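User: Please take a close look at one helix of this model and tell me how it sits among its surroundings. I would like a connected account rather than a list.

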Amino acid sequence: MVALGATMQADTALIQRAQANDRAAFNEIVLRYKAKVYNYIFRMVHNVVEAEDLTQETFVRAYLSIRSFQSRASLNTWLFRIATNLCIDYSRKHKKTQGLTTSLSQESEDEEETQRDIPDVAFDPQRLLLNKELGSRLDQALRDLPEKLRTVVLLYDVEGLAYDEIADIAGCPLGTVKSRLFNARASLRDKLASYLGA
Amino acid sequence: MKFSTHDNESDCLTVQARLSDYIDSNLSARQVLDVEGHLTGCAHCATLARQMQSTVDLLHSAQQRDTSDDFMAKFHARLDGVEPTRSRGVLQAMRDWLNTLREPMMIGRIPALGLSMGVVALLIFFAAPTQPGHPQVAAPSQFAAPLSYNVALTASNPFDDPAAANLEAASARKDSSLTAETE
């Protein structure tokens, strides 16, 4: 909690400098958050090039509107809101070609994974975390989730945002966030059941 | 509500609906007791609970990727493209320029920068007034020429504009009175 407060204080100082046109301060913000934003966007769009492009666009938009940023929301939440909106726009624009993109990227992954397509019955989370196969299965299961469920589960379980922050980003009530989180986890559990063991 | 410990479909559904909150510790103490009591006696729900916990653990430890090495360079280029839409002060522009000098890749460009700074210094030297304490004042002839040109234009009055005709008459009267005064 103390570390979180310190981070927010540091963010506030950086934001104030960035709002005064200090580009070095904004660079610091980008360096601080680019990996988090990129990971989130990558799991939303499942395309390395597009994810990097959308991550850059997120920060460009943040830069252009940093003056209107108000500290009632955290910088983290604000950036994820911009990123989420960009992902939604991307999804709408690329709905027609999405099937093709998915099948192509899946094809390259499947080439690597065909040698080790055997479920591991003895579940040991620490060991399995290192298992590349399970990681790719998780990515695939996330990819198959509806966008609304994926957004919530990524923001909560991967990025560690709070319910109210996610409700703010997704523009839905707190109860909806909770039910989406439950549905997303249940769906992921069902898809990964053979790898998770009994 | 107290759940029975034997397999009851409605109890199972209720517990399963609470598993996510149970994992996140978002249930009341009473609800936790109810869920745990049910899980003790229901192997199916206990398996689902373990699997959901494993799923959450997996998500918490999901592999973190980083951006490409040239992400920042591309980002700066992109930002420069949109920069004109946002007004920047001269001081900020100079600060940014100085910041770019700190980057290692700029070291190789120092000779070119030195040359360009020399050219700028020369331009400033030659463009500066010869007597800094006394600003140059334009000679009267520089103002006289456009004035006479304007008078000539209005005097010609090619379109028989009444306003121009009045102006011409007033100018003639003024000229004649000036001539009379000097005489």
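Analyst: Helices here are DSSP runs of H or I covering at least four residues, and they are numbered from the N terminus. Just after one such run, α8(A), G160(A) takes a positive phi of about 75°. The model is a predicted one, and the account below is centred on α8(A), the helix of residues 147-158 in chain A.

Helix α8(A) has 12 residues, and from its first C-alpha to its last it reaches 15 Å, which is close to the 16 Å expected at 1.5 Å a residue. A residue counts as buried if 20 or more other C-beta atoms lie within 10 Å of its own. By that test 9 of the 12 residues of α8(A) are buried, so the helix is largely enclosed by the rest of the structure. The buried residues are L149(A), R150(A), T151(A), V152(A), V153(A), L154(A), L155(A), Y156(A) and D157(A). For chain A as a whole, 34% of the 198 residues count as buried.

What encloses the helix comes from both chains: the buried residues of α8(A) pack against α2, α4 (75-93), α7 (132-144), α9 (163-170) and α10 (174-196) of chain A, together with α3 (43-60) of chain B. These partners are helices in a chain that has 10 helices and 0 strands, while chain B has 8 helices and 0 strands.

Two of the buried residues of α8(A) also stand out in the largest nonpolar core. This core holds 51 residues, and V152(A) and L155(A) are, with I41(A), L79(A), A83(A) and C87(A), those that touch the most other members. Helix α8 is one of the elements of chain A that give two or more residues to the core, as are α1 (2-19), α2, α3, α4, α7, α9 and α10. The largest contribution, 10 residues, is that of α2(A). In soluble globular proteins, nonpolar side chains tend to be buried together. Another of the core residues named above, L79(A), is in contact with Y33(A), V37(A), T58(A) and A62(A), leaving aside its neighbours within four places in sequence.

The packing against chain B belongs to a wider interface, in which 33 residues of chain A are in contact with 32 residues of chain B. Helix α8 is among the elements of chain A that each supply at least two residues to that side, the others being α2, α3 (48-64), α6 (125-129), α7 and α10. By class, this side of chain A has 22 nonpolar, 5 polar and 6 charged residues.

Helix α2 (residues 23-45), against which α8(A) packs, offers a single residue through which to follow both chains, since Y38(A) lies in that helix. With 24 C-beta neighbours inside 10 Å, Y38(A) counts as buried. Beyond four places in sequence, Y38(A) touches A51(A), E52(A) and T55(A) of chain A as well as R65(B) and T67(B) of chain B.

A word on confidence belongs with this picture. The mean pLDDT of chain A is 82, and 77% of its residues reach 70 or more. Over residues 100-121 of chain A, however, pLDDT stays under 50, and for this stretch the model has 14 contacts beyond four places in sequence.

Note on methods:
Residues are numbered from 1 along each chain as its sequence is written. Chains are lettered from A and ligands numbered from 1 in the order in which they are written. This is a predicted model: local features need pLDDT of at least 70, side-chain atom pairs count only at pLDDT 80 or more; totals for chains, interfaces and linings use all residues. Two residues are in contact if their C-beta atoms, placed from the backbone, lie within 7 Å. The expected span of a helix is 1.5 Å times one less than its number of residues. Ala, Val, Leu, Ile, Met, Phe, Trp, Tyr, Cys and Pro count as nonpolar, Asp, Glu, Lys and Arg as charged, and the others, Gly among them, as polar. A nonpolar core is a set of buried Ala, Val, Leu, Ile, Met, Phe, Trp, Tyr and Cys residues joined through C-beta atoms within 7 Å. pLDDT is the predictor's confidence in each residue, from 0 to 100.
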